[in-house]
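Please open the structure in your viewer and keep the sequence panel in view. The tour proceeds by selections, each followed by a description of what is found there.

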Amino acid sequence: MEVRGVLALRRRQVLIFFVLLGMSQASTESARYFVAEETEIGSFVANLAADLGLGVEELSSREARVVSDDGKHLHLDLLTGDLLLNEKLDREQLCGSTEPCVLHFQVVLENPLQFFRAELLVKDINDHSPTFLDEEMLIKISESTTIGTTFLMESAQDLDVGSNSLQNYTISLNSHFCIKIRDSSDGKIYPELVLERALDHEEHSELRLTLTALDGGSPPRSGTTLVLIKVLDINDNAPEFAQSFYEVQVPEDTPLDSWIITISAKDLDGGNYGKISYTFFHASEDIRKTFEISPISGEVNLRSHLDFEVIQSYSINIQATDGGGLSEKCILLIKVIDINDNPPEVTMSSITKTIPENASETLVALFSVRDQDSGDNGKTVCSIRDDLPFLLKPTFKNFFTLVSEKALDRESRAEYNITITVTDLGTPRGGRFPGHLMDVSGTGTLSQSYQYEVCLMGGTGINEFKFLKLVIPIFRVHDTGRKMGKMRTFEIVSDSGIK
């Protein structure tokens, strides 16, 4: 009996050594790989076996796999050790305007448990042309406007980044105007129309020009829009806003059609020259889809749902234009306030199918936890009951392992009820549950606090945990001596509880 205790202690020490070794390797510098967007499915990325210094047989025997929060973009071929593309990657869909576009993933090995961090950099290709959101741009200019006056123009949008992004603007040949390129603090360029020769309403009441946007690709792509210039009579005063900057905070669950703010300007001119119309200016497609402004009253209303996890703030240029074509602008900053609308998500990466009753420190499950909310709404707590012979151990980043604390004795107890409780620290706790459930068997994703039935199965010479079925998600109050409130629970129950 004493010898068996010494052997068990040594096994426990060896297991702890390998877990710590895996955590140590996980904390080293990440391996970095590159791939161009739109590369074909199945394309070679790298040979992980060679990079990790492991044989192909060891990768297979240790159940090597790729784990990430971004979906199944990559596939590890255990026969060759090659890391392959599992799907075509769209850099703009994955990262938007963020550069560089980096997808983080981990390579997980078992027996012993080890983590290897890696990054996949998705390179941009010139697969998008600059586009104007409006096919026609209307500019009203008084015939008395002095030479050298500049007029703001709507900018084009290009989803590509770097040298493939928008680089230049040109205007069609004419005798009155040229284009000036202005750099902004956000790194984008905007066109301005510059008057080079005086206008005469009696000579030309309107001018039609073509504005062209060019990117820096090879060959370059381009997009065009029509510029319609209305030449107007004299107008003495431009609109004036009470302030140049407005700021408002809006909760992300604000109902559609809600009033956000009213922006107003004054014009000292009378008649048609004193009538002011309001428009969004240099507004992206996201801004135009999310908000609308009344051209008459200046009221800004919500037209589509806000989502803090997608966009945290909107900076909107608002232009007031009078009947004579003079304009002024102000900036409206709308900050989206986060609410606790996302439940914690648990990704179950590995489950041990057999557990001998005489083994200690046995890995039962490997899983990760994340919550897309921010602040306390995104912080999570993971726990199990204190009176069970099992332990939850943090491994790397947001990964946890469920292990047996000591050797189990089936003759003394054949079944265990294990509840893994995951809750965020937001108010209100948790969030809403979905109206549907998905079947999951073996490994899979537990999202929004689903509940699973699992039991310790008895047999001739073999004891094992087995996933049985998915049941209804529940709220459960769990007291471990710490006040944690209502928690979402993943519950493991015995076969005797199944109807």
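Select Arg288 first. In this predicted model, Arg288 counts as partly exposed, at 23% relative accessibility. Now add Asp134 to the selection. Asp134 also counts as partly exposed, with a relative accessibility of 33%. The two residues form a salt bridge, in which the closest N and O atoms are 3.2 Å apart. Where in the chain do Asp134 and Arg288 lie? Asp134 is in the loop between β7 (114-123) and β8 (136-142), while Arg288 belongs to helix α5 (residues 285-290). The pair thus links distant parts of the chain, 154 residues apart.

**The second largest cavity**

Keep both residues selected, for Asp134 and Arg288 are among the residues that line the second largest cavity. Extend the selection to the rest of the lining: Phe132, Leu133, Glu136, Met137, Glu154, Ser155, Gln157, Thr225, His282 and Ala283. How many nonpolar, polar and charged residues does this lining have? The lining has four nonpolar, four polar and four charged residues. The volume of this cavity is about 70 Å³. A search of the whole structure finds three cavities of 30 Å³ or more.

**Further salt bridges**

Next, select Glu192 and Arg182. Their salt bridge brings the closest N and O atoms to 2.6 Å apart. Glu192 lies in strand β12 (residues 189-195) and Arg182 in strand β11 (residues 177-183), so the salt bridge ties together parts that are ten residues apart in sequence. Is each partner buried or partly exposed? Glu192 is buried, because its relative accessible area is 5% and the limit for a buried residue is under 20%. Arg182 is partly exposed, with a relative accessible area of 40%.

Salt bridges that share partners also join Arg91, Glu92, Glu99 and Asp124 into one network, which may be selected next. Within this network, the side chains of Arg91 and Glu92 meet in a salt bridge of 3.4 Å, N to O. Arg91 is buried, with a relative accessible area of 0%, and Glu92 is buried as well, at 10%. As a general principle, side chains of opposite charge can pair when their charged atoms come close. The count for the model comes to 15 salt bridges.

**The nonpolar cores**

Turn now to Phe291 and Ile318. These are the residues with the most contacts inside the largest nonpolar core, which has 27 residues. To see which strands take part, colour β16 (245-251), β17 (259-262), β19 (276-281), β20 (291-293), β21 (299-302), β22 (313-322) and β23 (327-337); each supplies at least two residues of this core. Then display the surroundings of Phe291. Leaving aside neighbours within four places in sequence, Phe291 is in contact with Ile260, Phe280, Val300, Asn301, Leu302, Arg303, Leu306, Tyr314, Ile316 and Ile334.

Apart from the largest core lies another, of 24 residues; among them are Tyr33, Leu74, Leu109 and Phe116. In soluble globular proteins, nonpolar side chains tend to be buried together.

**The whole chain**

Finally, clear the selection and view the complete protein. Five helices and 34 strands are present. Of the 499 residues, 44% count as buried. Among contacts between residues at least 6 apart in sequence, 68% join residues at least 24 apart.

Methods. Residues are numbered from 1 along each chain as its sequence is written. This is a predicted model: local features need pLDDT of at least 70, side-chain atom pairs count only at pLDDT 80 or more; totals for chains, interfaces and linings use all residues. Side-chain values use heavy atoms; hydrogens and water are left out. A salt bridge is a side-chain nitrogen of Lys or Arg within 4 Å of a carboxyl oxygen of Asp or Glu. Buried means under 20% relative accessible area, exposed over 50%, partly exposed in between (1.4 Å probe, protein chains only). Helices (H or I, at least four residues) and strands (E, at least two) are DSSP runs, numbered from the N terminus. On a 1 Å grid over the protein atoms alone, a cavity is a set of points where a 1.4 Å probe fits but cannot get out, and a pocket is an open set with protein on both sides within 12 Å along at least five of seven lines; lining residues have an atom within 4 Å of a point. Grid points are joined across faces, edges and corners, and a volume is the space filled by probe spheres set on the points. Ala, Val, Leu, Ile, Met, Phe, Trp, Tyr, Cys and Pro count as nonpolar, Asp, Glu, Lys and Arg as charged, and the others, Gly among them, as polar. A nonpolar core is a set of buried Ala, Val, Leu, Ile, Met, Phe, Trp, Tyr and Cys residues joined through side-chain atoms within 4.5 Å. Contact means heavy atoms within 4.5 Å.
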